[in-house]
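The following report describes the strand arrangement, the charged side-chain contacts and the cysteines of one protein model. Please consult the sequence and the coordinates alongside the text.

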Amino acid sequence: MAAVDELKAKYPGANAWQVGDSPALANELANLIKKGIKTASCGSFTSYQQEETAPKVGSYNIILDGQNVPVCVIRLVSMQLVRFCDVTEAFARKEGEGDLSLEYWQKEHRRFFMREGHFSEDMELIAEEFVVVDVL
């Protein structure tokens, strides 16, 4: 995939990945990121610890759609460890999904983490915020 290789040359150290756990969700979330509506994301701390190349503040990431086509490049501007039960309405709004409410965020992320195989109200998450630096 030449486009990803070219972007990795332009943004050294960048990783390319999809957001979500299905092609349809990857398309939807990539579009929200590209439009600047989704400026935050999170994952379980357990999953984060298992990643070979975990993101760091300041790192670049190439966001792929559901067909693995690059959509945009983001730069990670903050990361914090937070329990599921402590996620705020403000963070849920930055996630940019659904009606932007904390209730929607909790319902959908509970489902996501259950599909991933682990959920508890006090599970630790890595909450990331980012900015779009390149729309493709």
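Which residues form a nonpolar patch on the surface? In this predicted model, the patch consists of Val77, Val131 and Val133, which together have about 210 Å² of accessible area. Valine 77 belongs to strand 4, residues 70-83. With a relative accessibility of 45%, valine 77 counts as partly exposed, because the partly exposed class lies between the buried limit of under 20% and the exposed limit of over 50%.

**The sheet**

Five strands make up an open sheet in the order 1-3-4-5-2, and the pairing in this sheet is mixed. Strand 1 (15-18) and strand 2 (40-44) are the edge strands, each pairing on one side only. On average, neighbouring strands of the sheet are turned by 40° against each other, with direction ignored. As a general matter, strands of a sheet pair through backbone hydrogen bonds, either parallel or antiparallel.

Strand 4 pairs with strand 3 (residues 60-64) in the antiparallel sense through five bridges. Within this pairing, isoleucine 62 has valine 73 of strand 4 as its bridge partner. Strands 3 and 4 also form a hairpin, with five residues between them. In the turn of that hairpin, asparagine 68 has a positive phi of about 65°.

Strand 4 is also paired with strand 5 (residues 124-135), where 11 bridges join the two strands in antiparallel fashion. Here, leucine 76 stands opposite phenylalanine 130 of strand 5. Strand 5 in turn is joined to strand 2 by five bridges, and these two strands run antiparallel. Glycine 43 has isoleucine 126 in strand 5 as its bridge partner.

**Salt bridges**

How many salt bridges does the structure hold? The count is nine, and the table lists some of them.

| Acidic residue | Basic residue | Closest N to O distance |
|---|---|---|
| Glutamate 95 | Lysine 38 | 2.8 Å |
| Glutamate 97 | Lysine 38 | 2.8 Å |
| Glutamate 121 | Arginine 110 | 2.8 Å |

The pair of glutamate 95 and lysine 38 links distant parts of the chain, 57 residues apart: glutamate 95 lies in helix 4 (residues 89-95), and lysine 38 lies in the loop between helix 2 (23-34) and strand 2. Both glutamate 95 and lysine 38 are buried.

Lysine 38 also forms a salt bridge with glutamate 97. Glutamate 97 is found in the loop between helix 4 and helix 5 (102-116), and 59 residues separate this pair. Glutamate 97 is buried, as is lysine 38. Lys38, Glu95 and Glu97 are thus linked in a network of salt bridges.

The salt bridge between glutamate 121 and arginine 110 connects the loop between helix 5 and strand 5 with helix 5, so parts that are 11 residues apart in sequence are tied together. Glutamate 121 is partly exposed at 37% relative accessible area, and arginine 110 is partly exposed at 27%.

**Cysteines**

Why is cysteine 72 in no disulfide? A disulfide requires two cysteine sulfur atoms within 2.5 Å, and the nearest cysteine sulfur to cysteine 72, that of cysteine 42, is 18 Å away. Cysteine 72 is buried, with a relative accessible area of 0%.

Cysteine 85 is likewise in no disulfide, and its nearest cysteine sulfur, that of cysteine 42, is 13 Å away. Cysteine 85 counts as partly exposed at 35% relative accessibility. The number of disulfides in the model is zero.

Note on methods. Residues numbered from 1 in each chain as written. Predicted model: local features only at pLDDT ≥ 70, side-chain atom pairs only at ≥ 80, totals over all residues. Heavy atoms only, no water. Buried < 20%, exposed > 50% of the residue type's maximum accessible area, 1.4 Å probe, protein only. Patch = residues over 30% accessible without salt bridge, like charges linked within 9 Å, V, L, I, M, F, W, Y side chains within 5 Å. Areas by Shrake-Rupley, 256 points an atom, 1.4 Å probe, with all protein chains shown as cover. Salt bridge = Lys/Arg side-chain N within 4 Å of Asp/Glu carboxyl O. Helix = DSSP H or I, 4+ residues; strand = E, 2+ residues; numbered from the N terminus. Pairing = 2+ DSSP bridges. Axes fitted to C-alpha atoms, helices over the stretch in contact; angles between N-to-C directions.
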